[in-house]
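This report describes a single protein chain for a reader working at the bench. The sequence and the model come first, and the description follows.

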Amino acid sequence: MRFAVDCMLGKLAKWLKILGFDTLYFSKIEDSELLALAQKEGRTLLSRDNALLQKSRRIRTLFIESEDWSSQLKQVLDGFSLWKEVSPYSRCIECNFELKNLPKRQAKNLVTPFVYEKAKSFALCPQCGRIFWKGTHHQDMEHKIKEILSKGRKRRRKLEERNF
């Protein structure tokens, strides 16, 4: 599923990318431009702006209910049954392109010697050239991802139990 996220949902957009979803986000964009882009590219528009959603003809939309990014993320994953499609660290969080594995030997001249020695694996964004590795922030992100996914599994089990 491909998303266009309005400017008031930056953290949601970032986490959708972290989880591997094709997500366009601009911190500043006119409503008309965002709507045109969503329609042209067949993206689902995510917004907390009722006025924007009312203008969205022929575009799939979802009104985001919460102001909390983790609740927003759960709403999107639940709303479109996307829990099984989560693929963490597969997209560039800057430009949204799919990352490519970068062999360690090829990363040697692209990162600092300290990073090269400590990191076990690397990924490259073919669009912007940014290099990714599992740095000091990685443990915190892994914890958040595991927490999000475990809550999703629990909710799916409850829904499945209700349907029997």
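Lys100 stands opposite Leu124 of strand S6. The model is a predicted one.

**The sheet S5-S6-S7**

S5 and S6 run antiparallel and are joined by three bridges. They belong to an open sheet of three strands in the order S5-S6-S7, with antiparallel pairing. S5 and S7 are the edge strands, each pairing on one side only. From one strand to the next, the twist averages 40°.

**The chain as a whole**

The chain contains seven helices and seven strands. Read from the N terminus, its elements follow the order β-α-β-α-β-α-β-α-β-α-α-β-β-α. The C-alpha trace spans about 50 × 45 × 25 Å along its principal axes. The chain has 164 residues, of which 40% count as buried. Among contacts with a separation of 6 or more, 49% are between residues 24 or more positions apart.

**Salt bridges**

How many salt bridges does the model contain? The count comes to 10. Three of them are described here, beginning with the pair Arg43 and Asp22.

Arg43 and Asp22 form a salt bridge whose closest N and O atoms are 2.9 Å apart. Arg43 sits in the loop between helix H2 (31-41) and strand S3 (44-47), while Asp22 is in strand S2 (residues 22-25), so this pair ties together parts that are 21 residues apart in sequence. Arg43 is buried, at 4% relative accessibility. Asp22 is buried as well, with a relative accessible area of 12%.

Asp22 also forms a salt bridge with Arg91, and here the closest N and O atoms are 4.0 Å apart. Arg91 is in the loop between helix H4 (69-79) and strand S5 (100-102), and Asp22 is in S2, so the link is between parts 69 residues apart in sequence. Arg91 has a relative accessible area of 13% and is buried.

A further salt bridge is formed by the side chains of Glu94 and Arg130, at 2.8 Å from N to O. Glu94 lies in the loop between H4 and S5, and Arg130 in the loop between strand S6 (122-124) and strand S7 (131-133), so this pair ties together parts that are 36 residues apart in sequence. Glu94 counts as exposed, at 53% relative accessibility. Arg130 is partly exposed, at 33%.

Salt bridges with shared partners join Arg2, Asp22, Glu41, Arg43, Arg91 and Glu98 into one network.

The residues of the three pairs have the following accessibilities.

| Residue | Relative accessibility | Class |
|---|---|---|
| Arg43 | 4% | buried |
| Asp22 | 12% | buried |
| Arg91 | 13% | buried |
| Glu94 | 53% | exposed |
| Arg130 | 33% | partly exposed |

**Lys17, a charged residue without a salt bridge**

Lys17 is located in helix H1 (residues 10-18). Which side chain of opposite charge is nearest to Lys17, and how far away is it? It is Glu94, at 7.1 Å; Lys17 is buried yet has no salt bridge. A salt bridge needs a side-chain nitrogen of Lys or Arg within 4 Å of a carboxyl oxygen of Asp or Glu. Leaving aside residues up to four places away in sequence, Lys17 touches Thr23, Arg91, Cys92, Ile93, Glu94 and Asn96.

**Helix H4**

Why is H4 described as largely enclosed by the rest of the structure? Eight of its 11 residues are buried, so the description applies. The buried residues are Trp69, Ser70, Gln72, Leu73, Lys74, Gln75, Val76 and Leu77. Ser81, just after H4, takes a positive phi of about 50°.

**Cysteines**

The structure holds zero disulfides. Cys128 is in no disulfide, and the nearest cysteine sulfur, which belongs to Cys125, is 3.7 Å away. The cut-off for a disulfide is a pair of cysteine sulfur atoms within 2.5 Å, so this pair does not count as one. Cys128 is partly exposed, with a relative accessible area of 42%. Cys7 is also partly exposed, at 39% relative accessibility.

How values were computed: Residues are numbered from 1 along each chain as its sequence is written. This is a predicted model: local features need pLDDT of at least 70, side-chain atom pairs count only at pLDDT 80 or more; totals for chains, interfaces and linings use all residues. Side-chain values use heavy atoms; hydrogens and water are left out. Helices (H or I, at least four residues) and strands (E, at least two) are DSSP runs, numbered from the N terminus. Buried means under 20% relative accessible area, exposed over 50%, partly exposed in between (1.4 Å probe, protein chains only). Lys and Arg count as positive and Asp and Glu as negative; His and the chain ends are not counted. Contact means heavy atoms within 4.5 Å. Two strands pair if DSSP finds at least two bridges between them. Axes are lines fitted to C-alpha atoms, for helices over the stretch in contact, and angles run from 0 to 180 degrees between N-to-C directions.
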